[in-house]
Amino acid sequence: MFEALEKRYYGNYGGIFVAETLIPALSELEHALLHILPTQEFQAEYNYYLQNYVGRPTPIYHAKRFSEYVGVNVFLKREDLNHTGAHKILNALGQTLLAKKLGKTRIIAETGAGQHGVATATCCALLGLECVVYMGADDVERQKVNVERMRMLGAQVVPVKSGTRTLKDAINEALRDWITNVKNTHYVIGTVYGPYPFPQLVRNFVSTIGREAKRQFLAQYGKLPDTVVACVGGGSNAMGIFSAFLDEPVELIGVEAGGLGIESGKHAARFQTGKPGIFQGAKSYVLQDENGNILDTYSVAPGLDYASVGPEHAQLHENGRVFYTYVTDDVAIKAYQTFTRFEGIIPALESSHAIGYVLQNAHKLKGKDILINLSGRGDKDLEGVKRYLSTRGEQTL
């Protein structure tokens with residue numbers, strides 16, 4: 001499982017771009033990555049909770065009716081079946097266990113769709129840690145059910161009303177908190193982003209997805225999938241499943257949020273119109289104007305609504321190992337509705353972007369076995385989808 005990065009960069013991307021106040025905490029965390037995380041004691045405790053608390057391994061499922069509908073063999077890695085309903089608990093559990101071993105008593109986190117916030121609040125309740133979750137005010141409105149779940153679990157949810165009132169601004173507030181309270185507080189970053197060692201730390205925890213998927217697919221079907229597809233916001237679920245296939249002859253496709261369309265400017269497709277820059281502690285692709293000002297982003301899926309992307313994804317884009325594309329809100333919503341009706345599984349709007357790619361490109365995928373990382377369940381999105389449809393004169397889901 002364990003991997004460390006000798007340099008703090010993935011090719012040209014990554015690094016540490018933070019206030020001096022945070023350097024000791026990041027050094028402490030890098031030491032934990034190198035000397036605590038790989039120990040037998042830590043791995044045994046982590047794996048105990050994965051099996052008996054989270055409910056792993058999650059299965060591979062052949063979506064037969066949807067496959068017949070699109071004319072392509074579609075398989076799912078069922079991360080929606082994790083405790084708390086998404087892949088996010090893999091990282092939240094790992095980081096909170098590590099924070100407790102470092103003597104931290106207070107945990108902070110950011111969240112967009114709410115799934116990382118719920119996972120972090122859950123782990124803090126499990127381990128007896130104080131929890132504060134920063135969430136953009138617009139996302140608080142869009143994800144009311146997850147906000148109530150976090151509060152029920154004992155977390156303080158702080159709506160962030162500055163800027164775009166979404167994930168970017170929640171991260172800004174969390175970073176300010178961490179700088180102020182760094183001695184007793186650990187910041188559980190929710191994706192493969194941020195200053196090193198966060199991208200590698202999170203990658204280590206979510207790589208469980210890919211290792212399981214590779215082993216399961218081989219055991220069940222006697223071969224590897226031809227193509228693996230995952231949605232890409234910050235990039236944790238995609239990096240989790242891609243990591244096991246990077247050295248295999250498997251096509252890897254990352255699907256970003258096309259929002260209202262690339263030409264509209266209301267999207268979060270960093271590899272389509274972004275360019276390299278430094279943002280919130282790391283160098284990666286960033287949606288920015290000619291003066292380096294961060295552009296507003298938009299997606300119907302709160303978890304994809306972010307101006308940058310994990311630095312390892314930037315490297316994989318640059319070297320061509322992963323093909324990054326996008327689908328629009330309309331395609332994702334259609335996928336959400338269609339998949340639910342054919343399979344009885346409600347996918348998260350984030351995951352619906354990956355399903356939407358297959359729905360939209362089925363004619364190009366004929367004869368292939370496609371493995372989609374179903375990163376979370378979509379109960380949280382029901383009200384948002386209803387609102388989206390009502391604005392277009394549609395009355396039903």
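**A walk from Thr-58 to a helix pair**

Let us begin at Thr-58, which sits in the loop between helix H2 (40–54) and strand E3. The model you are looking at is a predicted one. With a relative accessible area of 1%, Thr-58 counts as buried, because that value is under 20%. Leaving aside residues up to four places away in sequence, Thr-58 touches Lys-77, Arg-78, Glu-79, Asn-82, Glu-212 and Gln-216. With one of these neighbours, Glu-79, the side chain of Thr-58 also forms a polar contact of 2.7 Å.

From this loop, follow the chain into E3 and you arrive at a sheet. The sheet is open and has six strands, in the order E3-E4-E14-E9-E10-E13, with mixed pairing. Its edge strands, E3 (60–62) and E13 (323–327), each pair on one side only. From one strand to the next, the twist averages 30 degrees.

Now look inside the sheet, where strand E9 (residues 227–231) runs parallel to strand E14 (residues 369–374), and the two pair over three bridges. To find your place there, look for Thr-227, which stands opposite Ile-370 in E14.

Our last stop is a pair of helices. Helix H14 (residues 329–343) packs against helix H15 (residues 349–360) at an angle of about 90 degrees, and their axes are 7 Å apart. H14 is therefore roughly perpendicular to H15. Among the residues that make the contact are Val-331, Ile-333 and Phe-339 of H14, and Leu-349, Ile-355 and Leu-359 of H15. The residues of this contact comprise nine nonpolar, five polar and one charged.

Terms used: Residues numbered from 1 in each chain as written. Predicted model: local features only at pLDDT ≥ 70, side-chain atom pairs only at ≥ 80, totals over all residues. Heavy atoms only, no water. Pairing = 2+ DSSP bridges. Helix = DSSP H or I, 4+ residues; strand = E, 2+ residues; numbered from the N terminus. Axes fitted to C-alpha atoms, helices over the stretch in contact; angles between N-to-C directions. Parallel < 35°, antiparallel > 145°, perpendicular 65-115°, else oblique. Contact = heavy atoms within 4.5 Å. Nonpolar A, V, L, I, M, F, W, Y, C, P; charged D, E, K, R; others polar. Buried < 20%, exposed > 50% of the residue type's maximum accessible area, 1.4 Å probe, protein only. Polar contact = N/O pair within 3.5 Å; in protein donor to acceptor, adjacent residues only side chain to side chain.
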